[in-house]
Amino acid sequence: AGVTLPSVPPVQDGPLCADSQPPFATGFEVYQTPQMDEPQARLLFRDPVFGTCMVRVTDRHADLSPDDTSAGLKNEYARVQSFNADGSLILVRGVEATWYVYSAGSLQPLGQLPIDVDPRWSATDPGVIYYSSETRLMSYNLRIGSSATVHDFASDAPGAIMVWTRYEGSPSADGRYWGLMAQDENWLASAYLVYDLQTDSVLATRDLRDWPDDERQADSVTISPLGNYFLVQMDKYCEPGTFGTDAHPCGLMVYGRDLQNGRGLLRIVGHSDTALDAQGREVFVYQDIDTDNLSMLDLETGAVTPLWPLDFSHTPIGLHISGRAFQRPGWALISTHDGDPTAYTWMDDSVFAVELKPGGRVVRLAHTHSLVDETTEHDYWAEPQASVNADFTRILFTTNWGRSGTGAVEMYMIEMPQGWSNQLP
């Protein structure tokens, strides 16, 4: 059976909060996470420190299917768009790799989806979601509840057992171009592919089967927001002071859409995402491990712009970046976590927006209430991994609300007023 889709996108329903205008915390004071009970699901509240309108969307006790052993529910990842094309639906993941769809208006769960890995909403059809299954790109039509093969890459990548982005990649902002990686039975990259969904054609293929094994270990691949660049984040780091080359890739490799002219632009890559800056240029926002900065890389020129220093002197801050707000270029979303409930810096254990320019503005949005012990396997799910919708008015993040080591996580939503960036001091 299909899912009954909301007939009116929530953006037309009006904001969740009657007055969603926050006081815009733009300073850099250190605020401790307030002590408060976990809010009930689907009841609005305001962050007691920053004043933003928030709601806990999921209820792990009520929303899971009877046969789902997931301990909690979360948004998929910072680099993945959780909202569908018109903003009416939210994709939610059970920690055991189960998938649910929620109404973004009522926040009610609408059903579980029988899909596989790398689910990505259609950029044009609110009722369609794409996903990867072995060598096939699939589509699932929520209205009728059925899957169909969009393209089987088996003949495009001989010997592949999987063709995907490997969890963290996304198609271009218009949904047309896809950057994909084929992997062989040893889970080594055997080919890179650029696929055009509009014409159902593979535009370029790069055969990697003769490459050394360490040059076939890609963490993930993606296409840039405008579809001009194919990015590979390699497991292999480059030596200090060096970058990868077309012949010997390492670090962050950037190719043209034709998969030619590979350029090594970073020697080592932390957490990151692609984004658009205020001029609409394709950029890569990332944790600069060599300089301990949050930085921005221009994908055309290779120029690096430091944005904010990262202070690791107190705790090993973990952070994620979401550049998914292509309709509000010039901003990215950051979320941080660590295992210490005490805040030492302004960015500890919180969600905030950063302007993509030197000395740009920062808007602080919420404390995450998530304790993440990096040595505890279950606590991977407690990383906030905040992601932003297309126009930067709705933000999702995950929290264990202090239940470290349990996997018992919930997904929260922050709402921002329309045009908020034009109202900043």
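**Exercise 1.** Work out how strand 7 and strand 8 pair, and over how many bridges.

*Solution.* Start with the pair itself: strand 7 runs antiparallel to strand 8 (residues 128-133), and three bridges join them. Now pick out one bridge: Trp121 has Ile129 in strand 8 as its partner. Keep in mind that you're working with a predicted model here.

**Exercise 2.** Place this pair in its sheet, and find out why strand 7 and strand 10 each have one side without a neighbour.

*Solution.* First, get the order: the sheet is open, has four strands and reads 7-8-9-10, with antiparallel pairing. Next, look at the ends: strand 7 (117-121) and strand 10 (146-152) sit at the edges with a single partner strand each, so one side of each has no neighbour in the sheet. Last, check the twist: ignoring direction, neighbouring strands are turned against each other by 25 degrees on average.

**Exercise 3.** Describe the second largest pocket by its volume and its lining.

*Solution.* Begin with the volume, which comes out at about 310 Å³. Then go to the lining: 18 residues take part, and the closest to the pocket's centre are Asp219, Gln233, Val269, Gly270 and His271. Finally, sort the lining by type, and you get six nonpolar, seven polar and five charged residues.

**Exercise 4.** Decide how confident the predictor is overall, and where pLDDT stays under 50.

*Solution.* Take the whole protein first: its mean pLDDT is 94, with 96% of residues at 70 or more. Then scan along the chain: residues 8-13 stay under 50, and for that stretch the model has 10 contacts beyond four places in sequence.

Methods
Residues numbered from 1 in each chain as written. Predicted model: local features only at pLDDT ≥ 70, side-chain atom pairs only at ≥ 80, totals over all residues. Heavy atoms only, no water. pLDDT = per-residue confidence, 0-100. Contact = heavy atoms within 4.5 Å. 1 Å grid on protein atoms, 1.4 Å probe; cavity = no way out; pocket = protein on both sides within 12 Å on 5 of 7 lines; lining within 4 Å. Points joined across faces, edges and corners; volume = space filled by probe spheres on them. Nonpolar A, V, L, I, M, F, W, Y, C, P; charged D, E, K, R; others polar. Pairing = 2+ DSSP bridges. Helix = DSSP H or I, 4+ residues; strand = E, 2+ residues; numbered from the N terminus. Axes fitted to C-alpha atoms, helices over the stretch in contact; angles between N-to-C directions.
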